[in-house]
Protein chains: 2
Amino acid sequence: MPANADFLRTLKLQNPIIQAPLAGGGDTPELVAAVSNAGGLGFIGAGYLSPDQIAQVANSVKAKTTRPFGINLFAPSDPVSPTIPPEVAIRRVAAYFSELGLPAPAFPAGPAFSFSDQLKAALETGASAFSFTFGVLPSEAMQALKQKGIFVLGTATTVNEAIELEKAGVDAVVVQGSEAGGHRGTFQGDFSSSMIGTISLVPQVVDAVRIPVIASGGIMDGRGIAAALALGASAVQLGTAFLTCKESGIPEAYREAILNAMEDQTRITRAFSGRPARGIVNRFMTEVESNDAGEAILPFPLQNALTRPLRTAAAKNGRAEFLSLWAGQGLRMARRQSAAELVARLVVETDAVIRQLQETRSHESLPSKSGAASN
Amino acid sequence: MPANADFLRTLKLQNPIIQAPLAGGGDTPELVAAVSNAGGLGFIGAGYLSPDQIAQVANSVKAKTTRPFGINLFAPSDPVSPTIPPEVAIRRVAAYFSELGLPAPAFPAGPAFSFSDQLKAALETGASAFSFTFGVLPSEAMQALKQKGIFVLGTATTVNEAIELEKAGVDAVVVQGSEAGGHRGTFQGDFSSSMIGTISLVPQVVDAVRIPVIASGGIMDGRGIAAALALGASAVQLGTAFLTCKESGIPEAYREAILNAMEDQTRITRAFSGRPARGIVNRFMTEVESNDAGEAILPFPLQNALTRPLRTAAAKNGRAEFLSLWAGQGLRMARRQSAAELVARLVVETDAVIRQLQETRSHESLPSKSGAASN
């Protein structure tokens, strides 16, 4: 399985396969450890975790693997104020709370911990890699990570974001194509102009930066991995493919939704969290966005905190219509399997795809080359 | 250069490279013939051409090449009625007409010829391939093409569209990823749920149909071609890459816009034609869509006919702000070159990418495989 050998060596990986951080329940310690044990890089999505939880989850991962793993946080952002009267957003979702027998929704409290608290905890986990989304890290944070010898990955959705991340000193950049499930990593300009497909975005970033590029967005199998490597990526990051693995911690109703949905049944929504994210279209998304076109949605992370009790109750009750069903556009390729089976399959498939490309090339290269040369 | 050998043999191609039909001036006879002479498949975009023009353009192509070429039409659709009072749309664009010194815009007349007139002409051109967009062909049209031994390609933007085209008897399907420039080929449901990235869409279509799949959308160089072949495509179709070739007939202002634009500077618009299409954001697009959010835009082809005099005058005067600057998301990879140079470069690059994948694989396959097997 080909890849940038330096990149693999630095991170002590056997396969250029990264499990996307799946903040919100997907990436259990079992999943993270299974991916790392299979020679890939498991990632803890810790954006919503307290410092104590970060330590606990990392300890649990380390009890299951001695291989490298990564940890992901959201880049710090300025505190947000509601852009609409909070009562409007609260009123908009109240009926769903009552439908699930929950107390009326309340104005969400901010998190009880800061980014620097989280980072301090992350630095002590023994993670080999640290990735972040939604911005650029403050330089003190970058320095603290480098001093620990941690490999740092930023997340970009445009060429200019990748360039800015490289300038800030990241060791590699995860390029998020428009196909990707979950939150858009966009931090410059409007998200809608940053919806670039992976097949276009990856080579343009590769041409613009010197650091390794990790492709993400819509990659589900060995064909997608071989394609990403052909585009110049050093590795790939897969999220949706890992969500249906047996070690993933998502509710069964969410897993079923992924296994049954088609490639054209996702869209970008702000309804759950206040930040644009791709998920399978469901009742909550449709109804909250209808008519008022987002006028009843608080900015991130307020909307996320507002809807959390609803999503937690929906998970318990198997009510997919109220869950944030984050998923990418490769849905028809999702399968039920273990993470070890998935990684092994990805490696074998990628090798087979490349071997086949090479074999066809050998058979056809003479006529093809003379065709080109005759002009 | 690898590809489905059967597909190449059937169409007598040396390279699995199709020049996308570029209705509206891009695909001059010089461009079409140059692509075919280079061992690819040049295509005449004849959707807006009269039967006489179809015959003339095809004769001009045949004077320049003896190699196979293709012709593209829009699938026939029911006549449309204005969805808004036509005066609203006319008033919305009137100031631009006056800015260019044109007579006031008028309610557009329908075309003076029918699809079956166009098809009759196309059948007599000697084209080896026929492709269509925006729907499925009537069965009489399919039969007429097959009787002539013409290879028929439909255009799909979702898996279900590809399945419907296969059922209708097409010989191959062009899969249009969300990255693609120009009009969306979507003919089932809303275009916005059909914005699937190429890296996700191609393998899902390949899994669902038995006919060859041609990948299009965001492919600009050998990396993109190798990626498409890895995804399971038998060939690729490139539009934007050919638009900046010297044989292309687009106005210089349009060519300059492509060469200077970045990957995040296109979006989908209905402002020019009434049908969703991807182009470089410019003044006309922004202004016509602002505030009234499309409420002043006629359905296709009425809006297209309404804005045609404006676009024609803008082309003459080098006013890119009034041109429909159709382009895909791979813009940073566009270059000034001849079509022969482009095709030759694509062939060499694709081979190099595949060779490199294969070489890295050979070096790393043992550790990588043992890593997978150890689980």
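Start by selecting Ile214(A) and Ala235(A): in β9(A), Ala235(A) is the bridge partner of Ile214(A). Keep in mind that you're looking at a predicted model.

**Stop 1: the strands around β8 in chain A**

Now widen the selection to strand β8 of chain A, residues 213-216, and to strand β9, residues 235-238. These two run parallel and are joined by 3 bridges. Next, add strand β6 of chain A, residues 172-176, which also runs parallel to β8(A) and is joined to it by 4 bridges. To find one of those pairings, click on Gln176(A): its bridge partner in β8(A) is Ser216(A).

Strands in a sheet are held together through backbone hydrogen bonds, parallel or antiparallel. Side chains in a regular strand alternate between the two faces of the sheet. So what happens on the two faces of β8(A): are they covered or not? Show its side chains and you'll find Val213(A) and Ala215(A) on one side, with Ile214(A) and Ser216(A) on the other. Every one of these four is buried, so both faces are covered.

**Stop 2: a helix in chain A**

Stay in chain A and select helix α11, residues 252-260. Its buried residues are Ala253(A), Tyr254(A), Arg255(A), Ala257(A) and Ile258(A). What covers them? Among the elements doing that job are α10 (240-243) and β11 (277-280) of chain A.

**Stop 3: an open sheet in chain B**

Hop over to chain B and pick out β7, β11 and β10, which form an open, antiparallel sheet in that order. β7 (182-183) and β10 (266-269) stand at the edges with a single partner strand each, so one side of each has no neighbour in the sheet. Zoom in on β7(B) and β11(B), residues 277-280, which pair over 2 bridges. Here Gly182(B) sits opposite Arg278(B).

**Stop 4: where the chains meet**

Show both chains together. The contact draws on 62 residues from chain B and 62 residues from chain A. In chain B, highlight Ile199(B), Arg223(B) and Leu357(B): they supply 13% of the area that this chain buries against chain A, more than any other three residues. The area buried between the two chains is about 5200 Å², with 55% of it coming from carbon and sulfur atoms.

How many salt bridges are there between the chains? The count is 2. For one of them, select Arg223(B) and Asp207(A), whose side chains meet at 2.9 Å, N to O. There are also 16 residue pairs in polar contact between the chains, counting pairs with both residues at pLDDT 80 or more. Then colour α14(B), which gives the most to chain B's side of the contact, with 18 residues. That side as a whole divides into 29 nonpolar, 22 polar and 11 charged residues.

While you're here, click on Thr198(B), in helix α8 of chain B. Its relative accessibility is 0%, so it counts as buried. Its contacts include Glu179(A) and Ile199(A) from chain A, along with Ser178(B) and Leu231(B) from chain B.

**Stop 5: some unusual backbone**

Most residues other than glycine have a negative phi, and most peptide bonds are trans. Select Phe134(A), in the loop between β4 (129-133) and α6 (139-147) of chain A. It isn't a glycine, yet its phi is positive, about 70°. Phe134(A) counts as buried because its relative accessibility is 10%.

Finish with Phe300(A) and Pro301(A), which are joined by a cis peptide bond with omega about 0°. Pro301(A) is in the loop between α12 (283-289) and α13 (302-317) of chain A. In chain B, a cis peptide bond joins Phe300(B) and Pro301(B).

Definitions and conventions:
Residues numbered from 1 in each chain as written. Chains lettered and ligands numbered in written order. Heavy atoms only, no water. Contact = heavy atoms within 4.5 Å. Buried area = accessible area lost by both parts, 1.4 Å probe. Salt bridge = Lys/Arg side-chain N within 4 Å of Asp/Glu carboxyl O. Polar contact = N/O pair within 3.5 Å; in protein donor to acceptor, adjacent residues only side chain to side chain. Nonpolar A, V, L, I, M, F, W, Y, C, P; charged D, E, K, R; others polar. Buried < 20%, exposed > 50% of the residue type's maximum accessible area, 1.4 Å probe, protein only. Pairing = 2+ DSSP bridges. Lists of a residue's contacts leave out its neighbours within four places in sequence.
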